[in-house]
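Q: Could you take me through one part of this model up close? I'd like to see how a sheet is put together and what sits against it.

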Amino acid sequence: LADVDTVVFDKTGTLTMGVPQLVSLEALPPAARPVALALAQGSGHPLSLALAQALLEAGTLAAPLRDLREVPGSGIAGSWQGREVRLGRADWLGAEHGDARMSASWLSLGQGAPIRLEFSDRLRPGAADCVTQLLARGRRVLLLSGDAAPVVQDLADRLGIAEWRASVSPLDKAAAVRDLGAAGCHVLMVGDGLNDTAALTEAHVSISPSSALDAARSASDIVLMGSDLSPVAEALLVARRARSRIKENFAISLGYNVIAVPFAIAGLATPLMAALAMSLSSISVTLNALRLR
């Protein structure tokens, strides 16, 4: 952590809480809702979970789908009445992103235009403070997300992140982190989802919030307890200060030895003097380390 100079954030579930709410249920025709529910229940993506919850609360029953399969970074598909149905990203369904600044998912019933479903989300506590602290301390901050450009740009503008990329696939996200490392950057990756696992393993060091999927937590070096993101910036600061204290303690120990060893070799050090010298050395490095508090 002490060497980190570049921090890469995922968006949904990392900088935001990842608990979106469907705000466009009326856009979904009643006949399409059972299919949408069946697809949403087959995915662990936050937007799918929010869609499933909204449809269940509306009294919807899931349609019987076959060959249900999830495509990481794209969405989920299945077979219904002999047609392939899909729920996921706009480009995967051949839809236009549009200029909307809200997170969205699209539903395709195998015929007709895909249906846009909009969701609202809120910032994770401490996200704004974390980004502000990182930028103030000279770290480079990037936002990589699979969401549409208007949504990602809106969040980046709110947090003051100048470098961002939208519609990034899991492989592209991992490649971006790998390229940063190859360029000499020491990258911290912060992510929470299945789409982030490859990027988390490529980073110099990685952090996941406690709400992350098991796969993301397993791929991370550190799991952040609690929902607040501000400890990420604090951890980098503490890591650099801890390394400085370690170097100082080595210098203190070396100084004691440079002074005490010649006395011992000359036979001028009594057992009491040696005990006092060792005790003072231990007390000095301990007190110096406690300055981190």
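A: Here's a walk through the open sheet, followed by a look at the long-helix region for context.

Bear in mind that this is a predicted model. The sheet has six strands, paired antiparallel, and reading across it the order is S2-S7-S6-S5-S4-S3. At the two edges you'll find strand S2 (21-22) and strand S3 (66-71), each of which pairs on one side only. Helix H2 (residues 33-41) packs on this sheet, where it touches S3, strand S4 (75-80), strand S5 (83-88) and strand S6 (103-108). Its direction makes about 65° with that of S5.

Back at the S2 edge, two bridges tie S2 to strand S7 (residues 115-120), and the two run antiparallel. To find that spot on screen, pick Gln21: its bridge partner in S7 is Ser120.

Now move to S6, which is where Trp106 sits. Is Trp106 buried or exposed? It counts as buried, because its relative accessibility is 6%, and the cut-off for buried is under 20%. From Trp106 you can hop to Arg86: they are 20 residues apart in sequence, and their C-alpha atoms are 7.9 Å apart in space. Arg86 itself lies over the face of another tryptophan, Trp92, at 4.3 Å from the ring centre. If you're hunting for aromatic pairs, the structure holds zero of them.

For context, turn to helix H10 (residues 231-265). With 35 residues, H10 reaches 49 Å from its first C-alpha to its last, close to the 51 Å expected at 1.5 Å a residue. Its buried residues are Val232, Ala233, Leu236, Ala239, Arg245 and Asn249. The cover over them includes strand S1 (6-9), helix H5 (127-136), strand S10 (187-190), strand S11 (205-209), strand S12 (222-224) and helix H11 (271-290). Just after H10, Gly267 takes a positive phi of about 75°.

One of those covering strands, S10, is worth a click. Both of its faces are covered: Val187 and Met189 are buried on one side, Leu188 and Val190 on the other. S10 runs parallel to S1, joined to it by four bridges, and Thr6 has Val187 as its bridge partner in S10. S10 also pairs with S11 in the parallel sense, over three bridges, with Leu188 standing opposite Val205 in S11.

Key. Residues are numbered from 1 along each chain as its sequence is written. This is a predicted model: local features need pLDDT of at least 70, side-chain atom pairs count only at pLDDT 80 or more; totals for chains, interfaces and linings use all residues. Side-chain values use heavy atoms; hydrogens and water are left out. Rings of Phe, Tyr and Trp (its six-membered ring) pair if their centres lie within 6.5 Å; planes under 30 degrees apart count as stacked, over 60 as edge-to-face and the rest as tilted. A charge sits over a ring if NZ of Lys or CZ of Arg is within 6 Å of the ring centre and within 35 degrees of the ring normal. Two strands pair if DSSP finds at least two bridges between them. Contact means heavy atoms within 4.5 Å. Axes are lines fitted to C-alpha atoms, for helices over the stretch in contact, and angles run from 0 to 180 degrees between N-to-C directions. Buried means under 20% relative accessible area, exposed over 50%, partly exposed in between (1.4 Å probe, protein chains only). The expected span of a helix is 1.5 Å times one less than its number of residues.
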